[in-house]
Amino acid sequence: MVTFNSIPMNRLIIAITLLTGIISTAYGQDVAVTANAPSTVKSGQPFRIEYTVNAQGAQLGQPDLTGLNYYGASTSQSVSIVNGYMTVKYSVYYTVSAPKAGTYKIPPVTAEYNGKTYKSKELVITAQDNPQQNQAQNQGGSQNQQQSQAEEQVSGSGNLFIDVNVNKKEVYVGQHIVLSAGFYSRYNIQEIADTKLPSYNGFWVKEISTSSRITLQQKLINGVPYSYGLLHKKVLIPQRAGDLVIEPYSIDFITREGFWDSYKRTGKSTTKTIKVKQLPSPKPDNFGGAVGSFNISMTADKEEVKLDDPLTIKVTLTGNGNIQLCEAPKVDIPSAFEAFPPKSTENIKTDDNGMSGTRTFNYVAIARQPGEITIPAVKFSYFDLATKSYKTVSTNELTIKITGERDSTATGFTGGVIKSDVENLGSDIRFIKQGFELKSKKFGFFNSFEFWMIILVLALAFTAVILLRLQQIKNNANLAAVKNRKAGRTSRKRLKKAAEYMKQNKKDEFYEEVLNALWGYLGDKLEMPASELTRDNVVEKLGDKGVSMDAVEPFVNTLNDCEFERYAPSGLARPLQDMYTRAAEAIEQMENNIKN
């Protein structure tokens, strides 16, 4: 006996709907067989012919492809219900090519339905050695056919695989590589179930902004049509010399095959090896790792400044290359100024050409000595990829006039002490007046019981404050320990911000904050810098701390899914609330395991 509980509810609903639609179809649908193909093709170049019948259960015959090269066929089926009437379309796609220039006629294809025979139109295709780009195409699938004319060169095979391309396979340390990853499929992809991405060990990684929706394109590989979807693009910058390996991608897809059946299928990529060369020696003294093409400038917000007033010196680095990673230019600010550490801002674009833009370093200096002061030119060295040599660019020097005089008798100077102000202190000691008598005064409170009790309480309070302060200094001296203690609290703050983006339905910002919460929690809790945060390193470190794999696996899976969901098409992406709940639970479970 079969009960309703044994049938998935979604399939039951669809079955009832289709049954109703089929009854309506018998009275509201005209059967038709259509044929589509490009009217003009290039000889030897594969193209597709499409036959479609709009009746459920119709038997579609095979075309006569005599004279054409046959590569294979694929099918698709779609169902739509409008105003109670169901339309079913069953299509067959044949991939063929014309072996030589000429005219090819394909007779009509027949379909049998309810004892009747229906025919398509005859197709006439002209093959040319050099067809015009703008020749008229038949309606229907011809536009998609044009898009699939170019053969693709890929690093995979089979019905489903991941293709990973890099624009360079041999580079210098610090030279960028553009990586693009996408999937090729001959199946009908319904959902992305699980992802395993490489750790990119040895590379600094920066995401290239792409559409959050995956748009499928039709492409040909060795004459076989595939659906292609771009997963992501990244800029990789190698940080060390040697053969750096990009491990294979592994992604699980849910495919729809036939009308009811769904399968879980895995697509994988091949391993990529990048040969990274060391930068040549000797390197310039002021070389800070910059690779690419750069320029530098230096300005000040004023040419004349009053004593004890601030001056802002702005150094701007402009160029294309690893601009976000290179060291800040060294500015030699004279001792006449009291200089503070610089604050930097950046405006950097990341695209298929790598990274380009500007980094600005603002130095605030307080004028402490009057006079005309020269700030030397700033030099910046980089490795030029075009000439494969080191180049040095420099700014102009700046001349700043400091006005005003230092009052040697002033006692209210707030900006600090100048060396010249502390010379000959012995001559400044004034004569102490003599000839008067000191007399003591007796107070009843002095040396009383209340007096000593107050002294005792103050001494105990002072001792407690000192001990607490020493402990605080000891704790704060270990910044990693502070971050470790506050890891859970910091991650919850980030998740709270992600929740705000979730309410506003800002998908990209939401996933960015969730990833920051997850990776930030691991970095703080394991006391690891961001450059060492990889999945392999994290799993190993957690194992060393005795964390159960029951806590590690959900955390790592949440990371993987979150990184992929960020770029999944909106039709395939899971609800934001699900990912938020998983991230919160993963952090809570990890927090409990590490504490225990």
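Confidence in this predicted model bottoms out in helix H2 (residues 142–147), with a mean pLDDT of 40, and peaks in strand E12 (residues 170–172), at 96. Taken over the protein chain, the mean pLDDT comes to 79, and 78% of the residues reach 70 or more. Two stretches call for some caution. Over residues 1–28 the pLDDT stays under 50, and the model gives this stretch 18 contacts beyond four places in sequence. Residues 409–433 also stay under 50, with 11 contacts of that kind.

Next, the inside of the protein. The largest nonpolar core is built from 34 residues, and the ones with the most contacts inside it are Met298, Ile313, Phe337, Phe380 and Ile402. Several strands chip in with two or more residues, including strand E17 (224–238), strand E22 (287–300) and strand E31 (398–403). The largest share, 5 residues, comes from E27. Ile313 gives a good feel for how this core is put together: setting aside neighbours within four places in sequence, Ile313 is in contact with Met298, Thr299, Ala300, Ile333, Phe361, Asn362, Tyr363, Ile375 and Leu398. Apart from this core sits another one, of 33 residues, with Ala499, Tyr501, Leu542 and Val547 among them.

Thr558 is worth a look as well. This residue belongs to helix H7 (residues 549–565). With a relative accessibility of just 2%, Thr558 counts as buried, because the cut-off for that label is under 20%. Once residues up to four places away in sequence are left out, Thr558 touches Leu518, Met579, Arg582, Ala583 and Ala586.

Not every nonpolar side chain is tucked away. Phe462, Ile466, Leu467, Leu470 and Ile473 make a nonpolar surface patch of about 510 Å². One of these, Phe462, is found in helix H3 (residues 449–477). Its relative accessible area is 57%, so Phe462 counts as exposed, the bar being over 50%.

Charged pairs come next. Searching the whole structure turns up 8 salt bridges. One of them joins Lys264 to Asp252, whose closest N and O atoms are 3.7 Å apart. This pair links distant parts of the chain, with Lys264 in strand E20 (residues 261–268) and Asp252 in strand E19 (residues 250–257), 12 residues apart. The two partners sit in contrasting surroundings: Lys264 is exposed at 57% relative accessibility, whereas Asp252 is buried at 14%.

In another salt bridge, Arg368 pairs with Asp308, and here the closest N and O atoms are 3.1 Å apart. Arg368 lies in the loop between strand E27 (354–367) and strand E28 (371–375), while Asp308 lies in the loop between strand E23 (304–306) and strand E24 (310–321), so the pair ties together parts that are 60 residues apart in sequence. Arg368 is buried, at 10% relative accessibility, and Asp308 is partly exposed, at 30%. The story doesn't stop with this pair, as salt bridges with shared partners join Asp308, Glu338 and Arg368 into one network. Lys349 and Asp351 form a salt bridge too, with their closest N and O atoms 3.6 Å apart.

Definitions and conventions:
Residues are numbered from 1 along each chain as its sequence is written. This is a predicted model: local features need pLDDT of at least 70, side-chain atom pairs count only at pLDDT 80 or more; totals for chains, interfaces and linings use all residues. Side-chain values use heavy atoms; hydrogens and water are left out. A salt bridge is a side-chain nitrogen of Lys or Arg within 4 Å of a carboxyl oxygen of Asp or Glu. Helices (H or I, at least four residues) and strands (E, at least two) are DSSP runs, numbered from the N terminus. Buried means under 20% relative accessible area, exposed over 50%, partly exposed in between (1.4 Å probe, protein chains only). A nonpolar core is a set of buried Ala, Val, Leu, Ile, Met, Phe, Trp, Tyr and Cys residues joined through side-chain atoms within 4.5 Å. Contact means heavy atoms within 4.5 Å. Patches are made of residues with over 30% relative accessible area and no salt bridge: like charges are joined within 9 Å, nonpolar side chains (Val, Leu, Ile, Met, Phe, Trp, Tyr) within 5 Å. Accessible areas come from the Shrake-Rupley method with a 1.4 Å probe; for residues, only the protein chains shown count as cover. pLDDT is the predictor's confidence in each residue, from 0 to 100.
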